[in-house]
Amino acid sequence: MKRLAVFASGNGSNFQSIAEAIKSGKLEAEICLVVCDREDAYVLERAKLENIDSFSFSAKNYSNKTEYESEILEKLRQYEIEFIILAGYMRLIGPTLLQKYSQAIVNIHPSLLPSFPGKDAIGQAFDAGVKETGVTVHYVDDGMDTGPVIAQKAVPILEGDTKDILQKRIQEMEHDLYPSVLQELCHKKLT
Ligand code: GRF
């Protein structure tokens with residue numbers, strides 16, 4: 001079983017969908033650790049309910065990214081983590097983690113990259129008036145949502161949609177796509 005760490009900053013619905021996929025046998029892997037940069041994030045509650053250990057930190061208590069990423073790295077070493085799964089983690093990954101986990105960090109982004117990278121991708125697509133947006137799973141490099149694409153699924157924007165309706169449709173797609181891509185990733189079926 002591949003040993004995963006999920007990095008998140010907020011609600012953690014993607015963490016939950018991965019945990020559910022593991023419980024139902026769709027994803028043969030183990031979430032061994034949740035890493036979170038906000039001590040009040042709901043994902044920490046979810047981790048507790050799932051009996052999964054977490055490490056939370058506050059960046060303001062460190063002098064720079066290298067310092068807190070070194071501490072994260074030590075945790076990942078302790079838990080023998082093989083893959084880092086970003087699921088709503090609102091920080092750029094720095095060289096400390098990228099060097100040790102090259103080709104082993106993935107992210108999910110709520111748009112069809114390279115369209116609408118960065119924050120509020122759903123709002124960006126909605127405001128642009130495009131008819132279609134989507135979800136991308138990609139490897140993480142040192143840019144903002146720039147790494148090689150692993151999988152993409154389109155999501156339509158329908159007449160009468162509000163941003164909230166669109167967000168719900170996109171998240172449903174995320175919850176389906178991410179666990180299945182991770183299953184392929186963990187079993188090296190990715191091309
Ligand atoms: C998701 O839409 C993901 O694509 C983006 O951040 C959001 C996290 O949502 N990177 P949640 O915390 O998993 O509910």
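This passage describes the ligand site, one buried loop residue and one helix of a predicted model. Local features were considered at pLDDT of at least 70 and side-chain atom pairs only at pLDDT 80 or more, whereas totals for chains, interfaces and linings use all residues. Residues are numbered from 1 along each chain as its sequence is written, and side-chain values rest on heavy atoms, with hydrogens and water left out.

The shell around the ligand, taken as residues with a heavy atom within 4 Å of it, consists of Asn11, Gly12, Ser13, Asn14, Gly88, Ile108, His109, Pro110, Gln171 and Glu174. Polar backbone atoms of Gly12 and of Asn14 each lie 2.8 Å from an oxygen atom of the ligand, and an N or O atom in the side chain of Gln171 is 3.3 Å from a ligand oxygen atom. Taken alone the ligand exposes 360 Å², of which the protein buries 83%, these areas coming from the Shrake-Rupley method with a 1.4 Å probe.

Away from the ligand, Ile81 is found in the loop between helix 3 (65–78) and strand 4 (83–86), helices being DSSP runs of H or I with at least four residues and strands runs of E with at least two. Ile81 is buried, with a relative accessible area of 6%, where buried means under 20% (1.4 Å probe, protein chains only). The C-alpha atoms of Ile81 and Leu4 are 5.6 Å apart, although 77 residues separate the two along the chain.

In helix 5 (residues 121–128), the buried residues are Ala121, Ile122, Gly123 and Ala125. Just after helix 5, Gly129 adopts a positive phi of about 75°.

How values were computed:
Buried means under 20% relative accessible area, exposed over 50%, partly exposed in between (1.4 Å probe, protein chains only). A polar contact is a pair of N or O atoms within 3.5 Å; within protein, one must be able to donate a hydrogen and the other to accept it, and residues adjacent in sequence count only if both atoms are side-chain atoms.
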